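Trainee: Could you take one part of this structure and walk me through it closely? I would like to follow a single region and see what surrounds it.

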Amino acid sequence: MTKPCIICVAITGSVPTKESNPAVPITVTEQIESTHEAFEAGAAIAHCHVRNDDQTPSSDPEKFARLKEGLEKHCPGMIVQFSTGGRSGAGNERGGMLPLSPDMASLTVGSNNFPTRVYENPPQLVEWLASEMIEHDVKPEIEAFDLSHILKAKEMHDNGQIKDTPYVQFVMGVKNAMPVDRDVFDFYLKTVHRLFGEDAPWCAAGIGAKQLELNEWAISNGGHARTGLEDNVRLDRNTLAPSNAALVKMAAEICEKYARPVASWQQAREILGLRKGTA
């Protein structure tokens with residue numbers, strides 16, 4: 001298989017802290033430095049959250065603006081993807097950074113359980129976030145925590161609420177949501193191909209110890225892979241990951257195992273139908 005594999009690095013998230021792993025980048029400066037290392041290691045997409053100084057989640061557009069500016073300067077051409085996730089804010093503040101026109105943004109189109117709470121994505125908010133993405137030329141990445149989310153993405157695409165072919169990411173391994181199950185994964189993939197075509201790009205993310213397992217499933221089946229300290233702070237049971245770049249390198253090694261070249265940022269933009277970007 002020679003199809004290039006896009007590696008997305010989820011650099012920070014809303015949950016891991018310095019206490020979890022000192023390598024988790026919290027400040028904007030730390031995030032830029034960590035992303036630059038991951039970019040050099042082969043990541044073509046940076047999935048971005050921002051934090052307050054006390055490490056708590058934030059949805060502050062000013063922080064996102066500084067992060068975007070820094071990534072565009074130090075990681076030229078890299079795809080910048082903002083999170084609109086519900087841990088970082090409530091209601092429309094979750095999309096307050098979309099007028100900054102990042103290349104992409106996450107979009108969860110339905111609700112599900114998380115470890116200690118319900119991850120609420122009410123229809124009105126989902127529709128507003130989708131409309132903001134269209135207005136500001138932001139490609140959504142559909143974060144599918146459940147089969148219904150893939151089907152909802154199809155409905156929204158048919159209704160013109162999602163432009164172009166949806167880019168679906170299977171998220172597996174979140175406690176109380178969809179576990180890492182190979183039969184379910186295979187059915188997700190079959191459903192994406194049935195609804196969006198055999199050539200539709202897709203991605204998979206595994207949480208915690210299941211990160212590498214999902215990387216391997218995705219890469220070996222022609223999909224794209226997400227890694228990074230947001231989802232997993234360890235190299236193995238006994239070893240903390242020293243950086244986001246170290247996790248990217250592990251995903252790149254799996255690409256080599258399956259004879260798939262790691263996608264450059266230019267190839268990633270072409271695969272996803274994004275504006276060209278500048279180096």
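Which strands does helix α7 lie across, and at about what angle does α7 run to β1?

Mentor: Happy to, and please keep in mind that this is a predicted model. Helix α7, residues 244-257, lies across β1 (7-10) and β12 (224-227). Its direction makes about 155° with that of β1. Another helix, α8 (residues 265-272), packs on the sheet as well, touching β2 (45-48), β5 (79-82), β6 (104-107), β9 (139-144), β10 and β12. The direction of α8 is at about 55° to that of β5.

Let us place those strands. They belong to a closed barrel of eight strands with parallel pairing, in the order β1-β2-β5-β6-β9-β10-β11-β12. On average, neighbouring strands of this sheet are turned by 25° against each other, direction ignored.

Now back to α7 and its helix partner. Helix α6 (residues 211-220) packs with α7 at an angle of about 35°, and their axes are 10 Å apart. The crossing of these two helices is right-handed. From α6, the residues in contact are Gln211, Leu212, Asn215, Glu216 and Ile219. They meet Leu247, Met250, Ala251, Ile254, Cys255 and Lys257 of α7. Sorted by class, this contact has seven nonpolar, two polar and two charged residues.

Two of those α6 residues lead us down to the barrel. Ala225 sits in strand β12, and its contacts beyond four places in sequence include Asn215 and Ile219. The other contacts of Ala225, with the same neighbours left aside, are Cys5, Ile6, Ile7, Cys8, Cys203 and Ala204. Ala225 counts as buried because its relative accessible area is 0%, under the 20% cut-off. Look at Cys8 in particular: 217 residues separate it from Ala225 in sequence, yet their C-alpha atoms are 6.2 Å apart in space.

Cys203 and Ala204 take us on to β11 (residues 202-206), which pairs in the parallel sense with β10 (residues 167-172) over five bridges. Within that pairing, Gln169 stands opposite Cys203, and Val171 has Ala205 as its bridge partner. Strand β11 is mostly covered, with five of its five residues buried. In a regular strand, side chains alternate between the two faces of the sheet. You can follow this along β11: Trp202, Ala204 and Gly206 point one way, while Cys203 and Ala205 point the other way, and all are buried.

A last step is to ask where the nonpolar residues gather. In soluble globular proteins, nonpolar side chains tend to be buried together. Here the largest nonpolar core has 57 residues, and Ile150 and Phe170 touch the most other members. Helix α5 (residues 182-196) gives the most to this core, with six residues. Setting aside neighbours within four places in sequence, Ile150 is in contact with Ala144, Val168, Phe170, Tyr188, Thr191, Val192, Leu195 and Phe196. There is also a second, separate core of twelve residues. Cys8, which we met beside Ala225, is one of its members, and so are Ile45, Tyr167 and Leu274.

Conventions:
Residues numbered from 1 in each chain as written. Predicted model: local features only at pLDDT ≥ 70, side-chain atom pairs only at ≥ 80, totals over all residues. Heavy atoms only, no water. Pairing = 2+ DSSP bridges. Helix = DSSP H or I, 4+ residues; strand = E, 2+ residues; numbered from the N terminus. Axes fitted to C-alpha atoms, helices over the stretch in contact; angles between N-to-C directions. Contact = heavy atoms within 4.5 Å. Core = buried A, V, L, I, M, F, W, Y, C linked by side-chain atoms within 4.5 Å. Buried < 20%, exposed > 50% of the residue type's maximum accessible area, 1.4 Å probe, protein only. Left-handed = near helix turned anticlockwise from the far one by under 90°. Nonpolar A, V, L, I, M, F, W, Y, C, P; charged D, E, K, R; others polar.
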